[in-house]
Amino acid sequence: MKQGHFITMEGVDGSGKTTQLQLTARYLLDCGYDVVTTREPGGTKMAERLRSLVLDADAAINARTEVLLYLAARAEHVETVIKPALAAGKLVLCDRFADSTKVYQGFVRGIAKEKLDFLCDFAAENLVPELTIMLDAAPEALLQRRADRGVSDRFEQEGLDFQKKVREGFLMLASAEPNRIKRVNALQNVDAVQENIRKILKSAGF
Ligand code: TYD
């Protein structure tokens, strides 16, 4: 039976993650993997409904409510999409997963680590990605890049201090788990970022 693989992509908002996820999926398909791309929050009908709830909620949403919505979406996603795909020998490439929860709801919103670790394991039934690609960039530089392109979105609404804290959280996670989480400089052009990602995949045996 073919072995399934679970890879995630993480990073600050506006780091070009969605573009790189698509390019990475195409590359892995060309390598012969049966690739399933998906995202969090989302990936199932119910989880997409939870996604619109949690992403549309106003900034005053209680941190506990917020984390439970993200984790409810994850439980659904893991159970109905990710685990069955892995069991069928597919390669699941997921846009965000538990590292985002640990950064946004833990490090930034302040939910205690031991509680969050327990809740994340519970929601994902202890599923951990075998490889995580983290697109990293200083938020100041991303803000400039977006302003040059005339993009205005949640990245700006949440503010620079918020994004700086998000980045700090991801860098902490990456240094705590260097074998799983691989950092890529997101400020390079699209081709160079993709080249780095392919190198990482190759050295991880993909
Ligand atoms: P999205 O529009 O997909 O952002 P991006 O394209 O940058 O990934 O929205 C996802 C947002 O949800 C993003 O700001 C990160 C946040 N998030 C959490 O706060 N906790 C989580 O557990 C997950 C999965 C995402």
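Biologist: Which ligand atom does a polar side-chain atom of threonine 101 approach, and at what distance?

Modeller: In this predicted model, a polar side-chain atom of threonine 101 lies 2.6 Å from an oxygen atom of the ligand. Two arginines also reach ligand oxygen: a polar side-chain atom of arginine 51 lies 2.9 Å from an oxygen atom, and one of arginine 74 lies 3.3 Å from an oxygen atom. Taken alone, the ligand exposes 540 Å², of which the protein buries 87%.

Biologist: Which helix gives the largest share of the shell around the ligand?

Modeller: Helix α4 does, with 4 residues. Helices α2 (45-56) and α3 (63-87) each supply at least two residues as well. By class, the shell has 4 nonpolar, 3 polar and 7 charged residues.

Biologist: Helix α4 covers residues 98-108 and contains serine 100. Is serine 100 buried or exposed?

Modeller: A residue counts as buried under 20% relative accessible area. Serine 100 has 7% relative accessibility and therefore counts as buried. Beyond its neighbours within four places in sequence, serine 100 is in contact with Glu10, Gln105 and Phe170.

Biologist: How should one read the nonpolar core, and which residues touch the most other members?

Modeller: In soluble globular proteins, nonpolar side chains tend to be buried together. Here the largest nonpolar core has 30 residues, and those touching the most other members are Ile7, Leu28, Leu93, Ile133, Leu135, Ile197 and Leu201. Elements supplying at least two residues each include β1 (5-11), α4 and α9 (190-203). A second, separate core of 17 residues includes Cys94, Phe97, Cys120 and Leu127.

Methods. Residues are numbered from 1 along each chain as its sequence is written. This is a predicted model: local features need pLDDT of at least 70, side-chain atom pairs count only at pLDDT 80 or more; totals for chains, interfaces and linings use all residues. Side-chain values use heavy atoms; hydrogens and water are left out. Buried means under 20% relative accessible area, exposed over 50%, partly exposed in between (1.4 Å probe, protein chains only). Contact means heavy atoms within 4.5 Å. A nonpolar core is a set of buried Ala, Val, Leu, Ile, Met, Phe, Trp, Tyr and Cys residues joined through side-chain atoms within 4.5 Å. A polar contact is a pair of N or O atoms within 3.5 Å; within protein, one must be able to donate a hydrogen and the other to accept it, and residues adjacent in sequence count only if both atoms are side-chain atoms. Accessible areas come from the Shrake-Rupley method with a 1.4 Å probe; for residues, only the protein chains shown count as cover. Ala, Val, Leu, Ile, Met, Phe, Trp, Tyr, Cys and Pro count as nonpolar, Asp, Glu, Lys and Arg as charged, and the others, Gly among them, as polar.
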